[in-house]
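Could you walk me through this model in the viewer, stop by stop? I would like to know what to select next and what is there.

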Amino acid sequence: MTDAYLARIGKLIRDARQHRGWTQSQLAEALGTSQSAVNRIERGNQNISLDMIARIGEALDSEIVSLGYAGPMHLRVVGGRRLSGAIDVKTSKNACVALLCATLLNAGRTTLRRVARIEEVYRILEVLGSIGVRARWINDGNDLEIVPPAELDLAAMDTEAARRTRSVIMFLGPLLHRMDHFKIPYAGGCDLGTRTVQPHMTALRHFGLEVTATDGTYHAQVDRSVAPTRAIVLTERGDTVTENALLAAARHDGVTVIRNASSNYMVQDLCFFLEELGVKVEGIGTTTLTVHGVATIDRDVDYAPSEDPVEAMSLLAAAVVTESELTIRRVPVEFMEIELAVLEEMGLDHERSPEYAADNGRTRLLDLTVRPSKLRAPIDKIHPMPFPGLNIDNVPFFAAIAAAAQGQTLIHDWVYDNRAIYLTDLNRLGADVKLLDPHRVLVEGPTRWRSAEMMCPPALRPAVVVLLAMMAAEGTSVLRNVYVINRGYEDLAERLNSIGAQIEIFRDI
């Protein structure tokens with residue numbers, strides 16, 4: 001077979017495996033081969049016989065492995081339909097990937113409950129599997145069990161998977177305690193413009209980590225004589241920066257103070273998990289974290305990450321733009337209070353249930369019923385702020401909501417260089433979105449949505465915003481190449497269909 005065919009077959013096998021919810025190690029076990037062999041097959045770096053293709057197809061229960069090439073996934077949306085009923089919010093994508101990185105701290109077995117089955121999680125699992133971590137889905141695929149090896153094989157890292165996620169940057173914190181020299185690929189993910197990793201390097205330098213970047217790779221070297229001598233002040237109150245500092249501090253045998261820390265939802269979930277590992281963390285929910293680290297962590301832990309406030313906001317926006325009555329269950333309200341306050345000002349008709357605890361015992365949840373409302377543009381601009389401000393990832397959904405409201409709404413997405421630009425894709429669907437500069441758009445509503453066929457924006461949240469607008473538009477729309485949506489949402493089309501949407505998944509023949 002030619003190299004091109006091997007690469008296509010490898011991608012096809014990888015897609016079928018991920019659809020089954022298996023790791024490379026699980027497929028290798030079913031085939032009686034090694035995880036590294038599966039890794040080479042999926043990367044198109046190993047000759048493969050027709051007999052092996054048939055065996056893989058049988059193991060994965062996927063005829064498509066033997067029949068053809070699975071191209072990009074697209075969505076066909078019949079819009080103008082009202083949603084109804086109730087839908088549960090899934091666990092947090094950003095918390096799950098942070099917890100997966102945190103399992104590198106632990107020599108024992110980690111069980112994570114109700115892990116999001118999304119592409120971002122699959123990428124991290126592929127990277128973990130390639131370096132020797134054993135991960136398997138248990139309890140009918142709802143939970144994830146992770147067992148690390150005695151020694152990691154970083155030389156075997158699946159660099160292709162690593163480059164497709166920014167989360168791999170959070171390997172720096174745990175790995176600096178395990179080896180003196182190592183390297184990881186540049187982080188990827190959404191196309192959101194230049195996002196510097198310098199704040200990570202500045203924070204981790206306090207633990208002796210020095211990083212040089214060459215040829216698409218971070219080369220890390222650790223000086224064991226260096227340890228924090230004073231409080232670490234983060235130069236950016238970022239979520240992953242804070243998480244990396246926490247991961248490094250967790251196995252520093254001493255007390256580390258982290259200032260200007262993010263107190264966002266995924267950071268809090270990571271802190272709760274570290275406490276399960278025996279690491280004391282003071283100041284959870286504030287901008288100053290005091291970490292009492294331990295040199296060795298070896299315990300079996302069982303943890304349930306909390307629900308995703310950004311998915312909750314997505315579902316709320318879906319109800320608003322389709323003028324539907326919908327109950328959204330298990331909403332992590334403490335991370336949506338500003339959003340709900342702004343929406344109340346805009347005239348949102350909604351009802352809240354009494355609060356109850358998430359499965360982690362710490363996060364506050366409630367059920368939210370949204371009703372059709374006559375919305376008006378807010379007086380002030382919509383702009384994100386670090387928690388407890390309006391969530392950065394919830395800002396794009398206000399573009400769709402503002403398009404359904406009467407009047408002009410200014411949205412200032414100051415964090416990312418390119419993301420506001422993608423919101424102008426709503427104009428293809430009938431919206432009036434004016435780009436004022438790379439960070440600001442002016443949205444004029446209300447909108448008479450119209451159907452269209454278009455490519456999916458390369459950024460996760462704007463991509464979902466476009467999908468929601470298609471659901472509101474009369475007629476049939478097509479959204480092409482929706483991989484970026486699958487990075488952050490589990491079975492989104494099917495779940496929206498369960499509450500009244502009409503979305504068909506298809507691929508090119």
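## First stop: a hairpin and its sheet

Select E210 first: its bridge partner is Q221, which lies in β8. Keep in mind throughout the tour that this is a predicted model. Now extend the selection to β7 and to strand β8, residues 217-222; the two run antiparallel and are joined by six bridges. At the turn of this hairpin there are two residues between the strands, and D215 takes a positive phi near 50°.

Next, bring in β6 to complete the picture. The three strands make an open sheet with antiparallel pairing, in the order β6-β8-β7. On the edges you will find β6 (181-185) and β7 (209-214), each of which pairs on one side only. From one strand to the next, the twist averages 25°.

## Second stop: another three-stranded sheet

Move along the chain and select β18, β19 and β20. Here too is an open sheet of three strands, antiparallel in its pairing, with the order β18-β20-β19. Its edge strands are β18 (407-412) and β19 (432-437), and each of them pairs on one side only. Averaged over neighbouring strands and with direction ignored, the turn of one against the other is 20°.

Zoom in on β18 and strand β20, residues 440-445: six bridges hold this antiparallel pairing. For a single example, pick L410 and look across to L442 in β20, its bridge partner.

## Third stop: the helix packed on that sheet

Keep the sheet on screen and add helix α15, residues 395-403. The helix packs on the sheet, where it touches β18 and β20, and its direction makes about 25° with that of β20.

How many residues of α15 are buried? The helix is mostly covered, with nine of its nine residues buried. To colour them, select V395, P396, F397, F398, A399, A400, I401, A402 and A403. Then show what lies around them: the cover includes α13 (309-321), α14, β18, α16 (419-422), β20 and α17 (460-472).

## Fourth stop: a buried asparagine

Now select N94, a residue of helix α6 (residues 93-102). Is N94 buried or exposed? Its relative accessibility is 16%, and N94 therefore counts as buried.

Turn on the contacts of N94. Beyond its neighbours within four places in sequence, N94 is in contact with E243, Y265, M266, D393 and R461. With Y265 there is a polar contact, side chain to side chain, at 2.9 Å. Follow that contact across to the tyrosine, which leads to the next stop.

## Fifth stop: aromatic rings

The structure holds three aromatic pairs. In the pair of Y265 and F335, the arrangement is edge-to-face, with 6.0 Å centre to centre and 65° between the planes. This pair links distant parts of the chain: Y265 sits in helix α12 (residues 265-276), while F335 is in the loop between β14 (326-332) and α14 (337-346), 70 residues apart. Both Y265 and F335 are buried.

Stay with helix α12 and select F273 together with Y303. Their ring centres are 5.8 Å apart and their planes stand at 65°, so this pair is edge-to-face. Here again distant parts of the chain are linked: F273 belongs to helix α12 and Y303 to strand β13 (residues 301-303), 30 residues apart. F273 counts as buried because its relative accessibility is 0%, and Y303 counts as buried at 3%.

Before leaving, add F387 to the view. Together with Y265 and F335, F387 forms one aromatic cluster.

## Last stop: arginines over rings

Two more selections round off the tour.

- Select R76 and F506: R76 lies over the face of F506, at 4.0 Å from the ring centre.
- Select R117 and W137: R117 lies over the face of W137, at 4.0 Å from the ring centre.

Note on methods:
Residues numbered from 1 in each chain as written. Predicted model: local features only at pLDDT ≥ 70, side-chain atom pairs only at ≥ 80, totals over all residues. Heavy atoms only, no water. Pairing = 2+ DSSP bridges. Helix = DSSP H or I, 4+ residues; strand = E, 2+ residues; numbered from the N terminus. Axes fitted to C-alpha atoms, helices over the stretch in contact; angles between N-to-C directions. Contact = heavy atoms within 4.5 Å. Buried < 20%, exposed > 50% of the residue type's maximum accessible area, 1.4 Å probe, protein only. Polar contact = N/O pair within 3.5 Å; in protein donor to acceptor, adjacent residues only side chain to side chain. Phe/Tyr/Trp six-rings, centres within 6.5 Å; stacked < 30°, edge-to-face > 60°. Lys NZ or Arg CZ within 6 Å of the ring centre and 35° of its normal.
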